[in-house]
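Here's a set of exercises to work through with the structure open beside you. Try each task yourself before you read its solution.

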Amino acid sequence: MSWLSPHIATQIVDFSSAMLLLTCFAIVAQRRLSACVDLFALQSLFLAMTAALVAFFTGTRHIYIAAALTVVVKVIVIPRVLKGVIERLNVTRELVMRINIPASLLICGALVMIAFFITQPIIPFGHLLTRDSLAIALAIVLIGFFTMISRQKAVTQLIAFLVMENGLFLGATAATYGMPLIVELGVFFDVLVAALIAGIYTNRLQDAFDSVDTTHLTELKE
Amino acid sequence: MAILLFLTLVGYAAGLLLPLCVPARPKVQNILAHGLAGVAAVGGCCLGITGLLAAKPFEMSVPSTLPLLTFAIRLDPLASFFLLTISLVSLAASIYALGYVTKFYGRVSMSLLGSLFNGFLLSMTLVVIADNGFFFLIVWELMSLISYFLVVTEHEKSDVRYAGLFYLIMTHVGTAFILLTFLLLFQESGSFSFDAFRQPEQSLPDGMKTMVFLTALIGFGTKAGFVPLHVWLPYAHPAAPSHISALMSGVMIKTAIYALVRVCFDFFGGYFPWWWGFVVLAIGAVSAVLGVMYALMEHDLKSLLAYHSVENIGIILLGIGAGMIFHSYGFEELAALGLIAGLYHTINHAIFKALLFFGAGSLLYATHTRNMEEYGGLLRRMPWTGACFLIGAVSIAALPPTNGFISEWLVFQSLFLSYEIPSLFMKLMLPIAAAMLALTGVLALTCFAKAFGISFLALPRSSHAKHAEEVPWPMRIGMGFLAAGCVALGLAPMLAVPIMDRVTASMIGASISEKMLALGGWALTPVNVEFSSISSPVLGLVLAATAAFGLALVALHGGTRAYRYGKTWACGLNVTPRMEYSATGFVQPIKRVFSTIYQPTVKLETDFLEESRYFAKRRRFEFHIEPVFQKYLYDSVVTFMSGLAHRLRIVQAGSLHLYLAYMFVTLVMLLLLAL
């Protein structure tokens, strides 16, 4: 787009990926499960926006399809499934946490620093307008991973897993302007199936232990 | 030669695949599998003989897509000799199995058993002719795995499963060391082909050479089963079906001997320090004595034979060790003598041990028990088996005119010729080894006097033995074939020695067969005519003449006399099997003499009548000997490992979060380290 300088384009993409990171922190700070799901939907919306912006600035058409799929799968379908699960199981709040919220936020801050520190040597080599998003993508992956460890309810862990996936998608968009379309379609399908399976698994957990607390799984140890 | 090779390999491969393809009719599968194995084994025999007579080694190579791996085959005299040994026993085993496996009909899948049997023979054949380290390791591992599956044929019994697991662990520890050997050699030569290993320009540093030797000794030693790596033999050999035990004990453990000779004399070209030979000699002497001593205490016929494998591997190592010592001091002719003695005993042991295992298998087939105390009086009921077993027993006890005698005599000669070595230490050590070999010989004779006497003579000790019947013809033919081999190799060393001389000449360079065969081949003189010589054909004739004379005397005098049957004088009692010498009783004096080694524990419980302590109501006698190596060496390792594992178990908390945290920490650490 000749009427827009590349510098400004980079700024806009960076802004929308920063919004992704912000929603991550919001998820970490949130106790209510349905709010977590909403935040995830919001994050996915920002992701779709970032992807659409990249597609718009670079003219890579197939990223539009990926963005549209993101909206359909991650903003509409998966949140609905999760909401259904939460309603059926009647779990509203994450009560027990391994690490409390202030400490979690501090650790997440540290993880963002680590992510930027790690990508520091790589970023100058890139010529893409999305190159700064790579650090953010890595930070989101790490935060998602950390959330999986620090939360006990299976639903929260599932959301954290999906957040990680968002981070990976952002990373792929940032590093190479998206994966080939066929790969992206496969990934979307995978995520959908994974979310469904995890929903079923959560139901099973509830049936078996009367709770979706994954620490009960320790009892399965020999 | 390529045609023979093709016939052999395709024969085994067909035997491996076809039984799995035909419908589930045990009889058809049996004939198909063992028939094909027999044809392939004949091909293997011809191939071995051609390879031994050929002017230069036959080589063939098929490249593969994997780097460093080529399916290279090389038939030099050493490989051909072991190929011949393996194929001879395989042929006998194929014939024997035709009859023996009928006892598994309906219990064990015949297609699987026959197919694995062929696979086992194929892998053993390939092990000795492989000419690439990578290829060798693959077929070696195949051989180990297939033999494991064969050991656990009767996996419904828990002791069979235990034996199989024990064997599997031991053989994998061994393979780890063998892998190390090849990797060390690879590091120096940059290739896995045996050709690169034996290049003289890649002279390894001395420390590295020693490492290669020691890893090879441990790695192949676990397969050969010398002390203290022998512990799996008495478990695994009895557990396997008898024709498999014969192959494992008779030939499979020989592949390790092959590999040791290959490493020392081929890869290192015979350039090694004297103490390598001394280590081999010492291990051989200890294995020979301890093997036979533990064998004496066994009343399970197949365990007894398994321990005798330890003993005979020891004797083979005595010959090879003596050869290595002579070689390092530059006495090439004596070195050749030592090696010939070792190789001669290798083929002899393969034949008579397989024969004895066949015999044990026949007894098991007829009586359904391996416990010698339940045999007795079987010679009358199973004359063929008895005769063949007797020939095997005479051979393993090294009595003339059978093959065991000739090879042990050669080992003795090579040990006695140590007076030529300049080192005083060696002058002392080799005769001590000879003395230990003499002790071994005596104990082996005792052991087989017991094994044959208790099993075949006197009265039956159980109803099993009383109702035993002679085994089917294929089994008799298989045993007869090997029994003939025992006698032939004993009476005709002048035919066998030149063949083995070709093997040693190809490695050491000294050809001594002309010196060894005096009087046109009728007498055997180890290098030095003045020192000693022997003529086994004449010895055989003298023995035959003596026997004929004895029989003639009986015919002349005893034959005319009328027999009178009456009760044996036994204080007025009838003679019952309970009055016979038992196997335990037979070896009691030896148990007493060597109690330091056996560390026996005896428990005697007596319940007396209440009225008087002079009358016992019931007596219970228990007796155990301590498996010293297993207790002190292996059990301590096992205790240590399981203690370690127990401590490491805290890592496995079962918590999902903890596992995720492991991954997370690893990921972050790796990312930070990658900078």
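What follows is a handful of exercises on this predicted model, each with a worked solution.

**Exercise 1. Cysteines**

Task: Find how many disulfides there are over all chains, and check A:C36 as an example.

Solution:
- Start with the cut-off: a disulfide needs two cysteine sulfur atoms within 2.5 Å.
- By that rule, the count over all chains is 0 disulfides. For A:C36, the nearest cysteine sulfur belongs to A:C24 and sits 11 Å away, so with a limit of 2.5 Å A:C36 is in no disulfide.
- Now look at the surroundings. A:C36 has a relative accessible area of 1%, so it counts as buried.
- Over in chain B, B:C264 is buried as well, at 2%.

**Exercise 2. A salt bridge between buried residues**

Task: Work out which parts of chain B are tied together by the pair B:D76 and B:R262.

Solution:
- First, check the contact: the two side chains meet in a salt bridge, with 2.7 Å from N to O.
- Next, place the partners. B:D76 lies in the loop between β2 (70-75) and α3 (77-100), while B:R262 belongs to helix α10 (residues 242-267), so the pair ties together parts of chain B that are 186 residues apart in sequence.
- Then ask about exposure. B:D76 has a relative accessible area of 7%, which makes it buried. B:R262, at 5%, counts as buried too.
- Finally, widen the view: B:D76 and B:R262 belong to a network of salt bridges that also links B:E59, B:R74, B:D131, B:D195, B:R198 and B:D266.
- Over all chains, the structure holds 21 salt bridges.

**Exercise 3. Two strands, two salt bridges**

Task: Find which strands hold B:K603 and B:E622, then do likewise for B:R618 and B:D607.

Solution:
- Take B:K603 and B:E622: their side chains meet in a salt bridge at 3.9 Å, N to O. B:K603 is in strand β5 (residues 601-608) of chain B and B:E622 is in strand β6 (residues 616-624), 19 residues apart.
- Check exposure for one partner: B:K603 is partly exposed, at 43% relative accessibility.
- Now the other pair: B:R618 and B:D607 form a salt bridge at 3.2 Å, N to O. Here B:R618 is in strand β6 of chain B and B:D607 in strand β5, with their positions 11 residues apart in the count.
- B:R618 is partly exposed at 46%, and B:D607 is partly exposed at 32%.

**Exercise 4. Two buried residues in helices**

Task: Say whether B:H237 is buried or exposed, and list what it touches. Repeat for B:A483.

Solution:
- B:H237 is found in helix α9 (residues 233-239) of chain B.
- Its relative accessible area is 0%, so B:H237 is buried.
- Setting aside neighbours within four places in sequence, B:H237 contacts B:W232, B:S245, B:M248, B:S249, B:K302, B:A306 and B:F357.
- B:A483 lies in helix α19 (residues 473-491) of chain B, and at 4% relative accessibility B:A483 is buried.
- Leaving out residues up to four places away in sequence, B:A483 touches B:L355, B:C388 and B:I391.
- Compare sequence with space: B:A483 and B:S395 are 88 residues apart along the chain, yet 9.3 Å apart from C-alpha to C-alpha.

**Exercise 5. A nonpolar patch**

Task: Find which helix gives the most residues to the nonpolar patch on chain B.

Solution:
- List the members: B:V637, B:F640, B:M641, B:L644, B:L648, B:I650, B:V651, B:L658 and B:Y662 make a surface patch of about 870 Å².
- Match them to helices: α26 (628-648) and α27 (656-673) of chain B each supply at least two.
- The winner is α26, with 5 residues.
- Try one member: B:L648 sits in helix α26 and is exposed, with a relative accessible area of 54%.

**Exercise 6. Where the chains meet**

Task: Describe the interface between chain B and chain A: how many residues are in contact, and how much area is buried?

Solution:
- Count the contacts: 16 residues of chain B touch 22 residues of chain A.
- Add the area: the two chains bury about 1600 Å² between them, 77% of it on carbon and sulfur atoms.
- Within chain B, the residues losing the most area to chain A are B:H657, B:F664 and B:L675, together 38% of what that side buries.
- Last, the charges: there are 0 salt bridges between chain B and chain A.

Terms used: Residues numbered from 1 in each chain as written. Chains lettered and ligands numbered in written order. Predicted model: local features only at pLDDT ≥ 70, side-chain atom pairs only at ≥ 80, totals over all residues. Heavy atoms only, no water. Buried < 20%, exposed > 50% of the residue type's maximum accessible area, 1.4 Å probe, protein only. Patch = residues over 30% accessible without salt bridge, like charges linked within 9 Å, V, L, I, M, F, W, Y side chains within 5 Å. Areas by Shrake-Rupley, 256 points an atom, 1.4 Å probe, with all protein chains shown as cover. Salt bridge = Lys/Arg side-chain N within 4 Å of Asp/Glu carboxyl O. Helix = DSSP H or I, 4+ residues; strand = E, 2+ residues; numbered from the N terminus. Contact = heavy atoms within 4.5 Å. Buried area = accessible area lost by both parts, 1.4 Å probe.
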